[in-house]
Amino acid sequence: MEEEEKCCVVSCDKPIDENYWNQQYAANTVGWDLGVASPAIKNYIDSLPSKDLSILIPGCGNAYEAEYLLEKGFTNITIIDIAPLLVAKLQNKFASEKAITIILGDFFDHKSKYDLIIEQTFFCALPPQLRQRYVFQMHRLLKTEGTLAGLLFNRNFEDGPPFGGSKPEYEDLFKDTFMITQMGICPNSVEKRAGMELFFEMKKNDKSTVALYRISGVTCKGCSKTITEKMRSIDGVLNCSISLDFTQMLLVSVAPVAIDVLRNALAYDKKYQIEPIETSEYE
């Protein structure tokens, strides 16, 4: 792993939470911070049709993308981060900017609706076991025909954060929850990341029902694969995936699936239990 992409100087066996990120920003050790908005994100912003789009940047870090949006005249920008020291700095930096809302909080607790969500080093900063929850929350935060766009690492890392992945992994994770309009090697990455980033754009699939479940009794990848295959065979189910820690299941379907149907699919082994957590729209 190249030095400039390293993050941790604080022990990486600590939880990657508010305290962890506070320490990283206090020590100025977020090693993949480019210091500017990435060329790909800037080009994408330049292509947007309206300055009035409601835009969210989660895990905004130093908010270079928000700065660029302001420079270009966008009027409805929200940024959110979990690190209090960072957010205090951003509140001071953007104190006179009425076009930007700054939120200190957990992205997964956030409730609102946006036309566009920009992904820039947030996905890769999250522990991989949260990826099903990430997909679920992104779908829920977007308005009808809303867009999720940005960059994902096209490589794996020995340690993290950052955490990486590959195009096939991402396509399988997002399919049917979103309609992927583009996902390929970024043609204008900064030099040190050339060939190691995917630029993507995907539209919310408004015809899908997306639900998150708590699942227990799953202990290995083999069990997880068997369960997802069984779920995908249920009539009306479009996609299913289970988190890396085997505690959450993301289910995408053409209509809500009764919990008894899901339980029946798991009845072949009594140790498997499933309970609904959330559905794709706020009540």
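This passage walks through the aromatic pairs, a helix packing and several buried positions of a predicted model.

Aromatic contacts come first. Searching the whole structure turns up 12 aromatic pairs. One of them joins Y44 and F199, whose rings sit 5.6 Å apart centre to centre with 50° between the planes, a tilted arrangement. Y44 belongs to helix α2 (residues 39-47) and F199 to strand β7 (residues 197-204), so this pair links parts that are 155 residues apart in sequence. Both Y44 and F199 are buried.

A second pair, F107 with F122, is edge-to-face: the centres are 5.0 Å apart and the planes make 75°. Here the partners come from loops, F107 from the one between β3 (100-104) and β4 (114-120) and F122 from the one between β4 and α5 (131-141), so the pair ties together parts 15 residues apart in sequence. F107 has a relative accessible area of 4% and is buried. F122 counts as buried too, at 8% relative accessibility. These two rings also belong to one aromatic cluster, made up of F107, F108, F122, F123, Y134, Y170, F174 and F178.

F174, one of the cluster members, is worth a closer look. This residue is part of helix α6 (residues 167-174), and its relative accessibility is 0%, so it counts as buried because the limit is under 20%. Leaving out neighbours within four places in sequence, the contacts of F174 are F123, Y134, V135, L148, I180 and M202. Of these, F123 and Y134 are named in the cluster as well. The C-alpha atom of F174 is 9.8 Å from that of S241, although the two residues are 67 residues apart along the chain.

Elsewhere, a lysine meets a ring: K230 lies over the face of Y268, at 4.7 Å from the ring centre.

Turning to helix packing, two packed helices are described by the angle between their axes and the distance between the axes. For helix α1 (residues 18-27) against helix α4 (residues 84-93), the angle is about 55° and the axes are 7 Å apart. That angle makes α1 oblique to α4. On the α1 side the contact is made by E18, N22, Y25 and A26, and on the α4 side by P84, L85 and L86. By type, the residues of this contact split into 5 nonpolar, 1 polar and 1 charged.

Several other buried positions can be taken in turn. G146 sits in strand β5 (residues 142-153) and is buried, with 1% relative accessible area. Apart from neighbours within four places in sequence, G146 is in contact with Y114, D115, M202, K203 and K204. M202 also appears among the contacts of F174. From G146 to C186, 40 residues along the chain, the C-alpha separation is 22 Å.

S54 lies in the loop between α2 and β1 (55-58). With 4% relative accessibility, S54 counts as buried. Not counting residues up to four places away in sequence, S54 touches N76, K113, Y114, D115, L116 and K143. Y114 and D115 turn up in the contacts of G146 as well.

Another serine, S38, is placed in the loop between α1 and α2. At 3% relative accessibility, S38 counts as buried, and beyond residues up to four places away in sequence it touches E65, Q120 and L151.

Finally, the backbone. T121 is not a glycine, yet its phi is positive at about 65°. T121 is in the loop between β4 and α5, the loop that also holds F122. With 19% relative accessibility, T121 still counts as buried, because the cut-off is under 20%. F246 is another residue other than glycine with a positive phi, near 60°. The place of F246 is the loop between β9 (237-242) and β10 (248-253), and at 16% relative accessibility F246 counts as buried.

Methods. Residues are numbered from 1 along each chain as its sequence is written. This is a predicted model: local features need pLDDT of at least 70, side-chain atom pairs count only at pLDDT 80 or more; totals for chains, interfaces and linings use all residues. Side-chain values use heavy atoms; hydrogens and water are left out. Rings of Phe, Tyr and Trp (its six-membered ring) pair if their centres lie within 6.5 Å; planes under 30 degrees apart count as stacked, over 60 as edge-to-face and the rest as tilted. Helices (H or I, at least four residues) and strands (E, at least two) are DSSP runs, numbered from the N terminus. Buried means under 20% relative accessible area, exposed over 50%, partly exposed in between (1.4 Å probe, protein chains only). A charge sits over a ring if NZ of Lys or CZ of Arg is within 6 Å of the ring centre and within 35 degrees of the ring normal. Axes are lines fitted to C-alpha atoms, for helices over the stretch in contact, and angles run from 0 to 180 degrees between N-to-C directions. Angles under 35 degrees count as roughly parallel, over 145 as roughly antiparallel, 65 to 115 as roughly perpendicular and the rest as oblique. Contact means heavy atoms within 4.5 Å. Ala, Val, Leu, Ile, Met, Phe, Trp, Tyr, Cys and Pro count as nonpolar, Asp, Glu, Lys and Arg as charged, and the others, Gly among them, as polar.
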